[in-house]
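Q: Hey, I've just opened this one and don't know where to start. Can you walk me through the inside of it?

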Amino acid sequence: MSLKKYLDNIRPSFEKEGKLHAFRSIFDGIETFLYVPNTTSKSGTHIHDAIDSKRIMSVVVIALVPALLFGMYNVGYQNYLAAGTLGQAGFFEIFFYGFFAVLPKILVSYIVGLGIEFAWAQWKNEEIQEGYLVSGIIIPMIVPVNCPLWILAIACAFAVIFAKEIFGGTGMNIFNVALVARAFLFFSYPQKMSGDAVWVATDKIFGLGNQLPDGFTQATPLGELSLGLENSASMSDMILGFIPGSIGETSVIAIAIGAIILLWTGIASWKTMLSVFVGGALMAFIFRATGQSTIPFYEHLILGGFAFGAVFMATDPVTSARTECGKYIYGFLIGAMAVIIRVMNPGYPEGMMLAILLMNMFAPLIDYCVVQRNISKRMKRNTK
């Protein structure tokens, strides 16, 4: 309560004619993040409560925490495993190595992205938009641990400016901001985003971890399969997440916890989420049955970024389909397209990113077709 009173006392300084009015957007952004806004929407015929998008974004961030924490542990786990010292390391030693390896990426993502958001809001004299609260934590989770910070900073800046602000800000972008950052990284710096030399941290950090030999490599399970090699990971490791991969994408269990949170709070659509897995499983089964792939359908669903993309990015309410029927179509096509890209393009074993970005582009068309179909049905009923 004392903090609220303090904010109320200093508010006049940030309002028009106040000595700090130039920073009104920053003050408003901080205040509405800490407290529910005093005003509610009065437009339309529906009753609107006081929850705003900042509260929704905060729930999504909470849902991402299990995958992020496990990702930190797995970064340390892979380093100690590669060095052959896993048996001598304790839980906290492994976790804090990963924590210190991942933390700079999170800081860079938020500093660059939010810095641009604040500057843009001040320039446009608008409220600070909250969409980057989620994108800022997803971006570090979908890159390899060895992605250089300066490259990550460029990708964050590119995504915020060209995938978000140019379209009008949060709620207006047609492409998922985090995936645009990943796509920029993949096509601009492919050697830092693919191959077998980017998935395991190789340096000591604050005396923790192991210094691995120069040129150390470790392929992901999808990378091994794309080369025609046998998958060296066990089923339990693939489900638990003890495999090389992007920081937050390896653990199916941690991602499932996040999915439960999103579904329980009603933020994510179960129709979109379920249909992604159905589309992916069906297409993978067809490829396996026709002899075009040796990977069982269920491995497609638990490897790479498939589960993470289905739960946290395909369900993005801004860039996904919004009609109820359209959600089924949209999700199904994402899952099917991801597997098609994986199987038909061995040079790019991970297909989830391109599948979601492609369907982001077609989501408005899917909704349009669904609406027009409903209109046609009603007109036919009325003419009878």
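**Inside the protein**

Q: Let's start with Phe308. What does Phe308 touch, leaving out residues up to four places away in sequence?
A: In this predicted model, Phe308 touches Leu64, Ile138, Met141 and Ile142. Gly248, Glu249, Ile255 and Met313 are on its contact list too.

Q: Which residues touch the most other members of the largest nonpolar core?
A: Phe308 is one of them, along with Leu64, Ile138, Leu185 and Ile334. That core has 91 residues.

Q: And which helix gives the most to this core?
A: Helix H3, which covers residues 53-83. Twelve residues of the core come from H3.

Q: Where else should I look? What's in the second core?
A: The second core is separate and has eight residues. Leu222, Leu225, Ile243 and Leu303 are among them.

Q: OK, switching to empty space. How many cavities of 30 Å³ or more are there?
A: The structure holds three at that cut-off.

Q: What's the volume of the largest cavity?
A: About 70 Å³.

Q: Which residues line the largest cavity?
A: Gly71, Asn74, Val75 and Gln78 are part of the lining, and so is Val145. The lining also takes in Trp199, Val200 and Ala201, then Gly245, Ser246 and Ile247.

Q: How does that lining split by class?
A: Six residues are nonpolar and five are polar, with no charged ones.

Q: And the second largest cavity, how much space lies in there?
A: About 60 Å³.

Q: Which residues line the second largest cavity?
A: Ile142, Leu179, Arg182, Glu249 and Gly305, plus Met313, Glu350, Met352 and Met353. You've met some of these already: Ile142, Glu249 and Met313 are also touched by Phe308.

Q: What about classes for that lining?
A: The second largest cavity has five nonpolar, one polar and three charged residues around it.

Q: Which helices each supply at least two of its lining residues?
A: Helix H7 (177-188) and helix H15 (352-383).

Q: Let me zoom out. How many helices and strands are there?
A: The protein has 15 helices and zero strands.

Q: What share of the residues counts as buried?
A: 49% of the 384 residues.

Q: Among contacts between residues at least 6 apart in sequence, what share joins residues at least 24 apart?
A: That comes to 69%.

Q: Last one, about the outside. How much area does the protein expose?
A: About 18,900 Å², and carbon and sulfur atoms supply 66% of that.

Notes. Residues are numbered from 1 along each chain as its sequence is written. This is a predicted model: local features need pLDDT of at least 70, side-chain atom pairs count only at pLDDT 80 or more; totals for chains, interfaces and linings use all residues. Side-chain values use heavy atoms; hydrogens and water are left out. A nonpolar core is a set of buried Ala, Val, Leu, Ile, Met, Phe, Trp, Tyr and Cys residues joined through side-chain atoms within 4.5 Å. Buried means under 20% relative accessible area, exposed over 50%, partly exposed in between (1.4 Å probe, protein chains only). Helices (H or I, at least four residues) and strands (E, at least two) are DSSP runs, numbered from the N terminus. Contact means heavy atoms within 4.5 Å. On a 1 Å grid over the protein atoms alone, a cavity is a set of points where a 1.4 Å probe fits but cannot get out, and a pocket is an open set with protein on both sides within 12 Å along at least five of seven lines; lining residues have an atom within 4 Å of a point. Grid points are joined across faces, edges and corners, and a volume is the space filled by probe spheres set on the points. Ala, Val, Leu, Ile, Met, Phe, Trp, Tyr, Cys and Pro count as nonpolar, Asp, Glu, Lys and Arg as charged, and the others, Gly among them, as polar. Accessible areas come from the Shrake-Rupley method with a 1.4 Å probe; for residues, only the protein chains shown count as cover.
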